[in-house]
Amino acid sequence: MTEPRGPVDSSRVPRFAGPATFARLPRLDEVSRADVAVVGVPFDAGVSYRPGARFGATAVREASRLLRPYNPALDVSPFATQQVVDAGDIACNPFNINEAIETIQEAATGLQADGTRLVTIGGDHTIALPLLRTVAAKHGPVALLHFDAHLDTWDTYFGAEYTHGTPFRRAVEEGILDTEALSHVGTRGPLYGKQDLTDDEKLGFGIVTSADVYRRGADEIADQLRQRIGNRPLYISIDIDCLDPAHAPGTGTPEAGGMTSRELLEILRGLAGCNLVGADVVEVAPAYDHAEITAVAASHVAYDLVSLLALKEAP
């Protein structure tokens, strides 16, 4: 097997020069195979408050220019042990949510047909549903870790079943999630009523609030999550608003009292060895960002997800 082709050498080409692929990795059409593909989905027609996440993938790619090939926190070189590529964007209809979901599902299925695993950059959280459908088609119902300020298990908005606040209710209803291993992490803030929590529990979710992370610490939370997941196929979906607005101001529905970027990264690192089959990072809205704070955080989160996939494949 040929050696993976890695990022552009920053000692030869300055980081601020050249195309802004994720981490300056090769494009999918520049290699013969891909173990992991980072793909953008510039779609935000499912948002209920501030739009702009359609520009998230571009912002995260730009912020990822400074990522380096060795991850000391996980002791892995994620671009050397697997072929990682930037697969560009999935272009979908911004005026028709149902059609967009079908397009995303079809494109993601095609990208994964030869065993490639996806780390997807949104876009709003609506895109998690078609992505979950694709991994469940291959692995059966999957465990889900959902990092978010919000539950995203509401039924409808304005009568619409497919929005960024409903994907995980739809996923449970469709039978594509393993209801013995579902967790929200980082939730906080006001709800419409206590019934929201009752309904969420009936769907099978456990909740780790941002206050739980603060009081108990990242290591203990990661251990708890690992016990719940076991060796099941795992999908990780990360809404960047799980972070406090101080760490992620560039998002559509910010809530005070969130996790730090350090806490999120440490929890992810505590999941090393889990059977990760796919992941997404969504809701980066650069119009509300400052000095790329949110985009930088999201780029590092995506980098650690790629690193976790490398550990999964390590001998």
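## Salt bridges, helix packing and surface of a predicted model

The structure holds 15 salt bridges. A salt bridge here is a side-chain nitrogen of Lys or Arg within 4 Å of a carboxyl oxygen of Asp or Glu. This is a predicted model, in which local features need pLDDT of at least 70, side-chain atom pairs count only at pLDDT 80 or more, and totals for chains, interfaces and linings use all residues. Residues are numbered from 1 along each chain as its sequence is written, and side-chain values use heavy atoms, with hydrogens and water left out.

### Charged pairs

Side chains of opposite charge can pair when their charged atoms come close. Three of the pairs are tabulated here.

| Pair | Closest N and O atoms |
|---|---|
| Arg 27 and Glu 30 | 3.4 Å |
| Asp 44 and Arg 54 | 2.7 Å |
| Glu 174 and Arg 133 | 2.7 Å |

Glu 174 sits in the loop between α4 (167-173) and β5, while Arg 133 belongs to helix α3 (residues 128-139). The two are 41 residues apart, and their pair links distant parts of the chain. Helices (H or I, at least four residues) and strands (E, at least two) are DSSP runs, numbered from the N terminus.

Cover varies among these partners. Buried means under 20% relative accessible area, exposed over 50%, and partly exposed in between (1.4 Å probe, protein chains only). Glu 174 is partly exposed at 34%. Arg 133 has 18% relative accessibility, so it counts as buried. Asp 44 is buried, with a relative accessible area of 4%. Its partner Arg 54 counts as partly exposed at 35%.

Arg 27 also takes part in a network of salt bridges with Asp 29 and Glu 30. Arg 27 has a relative accessibility of 39% and counts as partly exposed. Glu 30 is likewise partly exposed, at 32%.

### Helices

Two packed helices are described by the angle between their axes and the distance between the axes. Helix α7 (residues 218-229) packs against helix α8 (residues 261-269) at an angle of about 40°, and their axes lie 8 Å apart. α7 is therefore oblique to α8. Axes are lines fitted to C-alpha atoms, for helices over the stretch in contact, and angles run from 0 to 180 degrees between N-to-C directions. Angles under 35 degrees count as roughly parallel, over 145 as roughly antiparallel, 65 to 115 as roughly perpendicular and the rest as oblique. The crossing of α7 past α8 is right-handed, meaning that the near helix is turned clockwise from the far one by less than a right angle.

Helix α1 (residues 56-63) is mostly covered, with six of its eight residues buried. These are Gly 56, Ala 57, Ala 59, Val 60, Arg 61 and Ala 63.

Glu 99 is in helix α2 (residues 97-111). At 36% relative accessibility, Glu 99 is partly exposed. Its C-alpha lies 33 Å from that of Ala 310, 211 residues away in sequence.

### Strands and surface

Thr 187 lies in strand β5 (residues 177-187). Its relative accessibility is 6%, so Thr 187 counts as buried. From Thr 187 to Leu 308, 121 residues apart along the chain, the C-alpha separation is 23 Å.

Strand β6 (residues 205-209) contains Ile 207, which is partly exposed at 34% relative accessible area. Ile 207 joins Leu 191 and Leu 197 in a nonpolar patch on the surface, with about 210 Å² of accessible area together.

How values were computed
Patches are made of residues with over 30% relative accessible area and no salt bridge: like charges are joined within 9 Å, nonpolar side chains (Val, Leu, Ile, Met, Phe, Trp, Tyr) within 5 Å. Accessible areas come from the Shrake-Rupley method with a 1.4 Å probe; for residues, only the protein chains shown count as cover.
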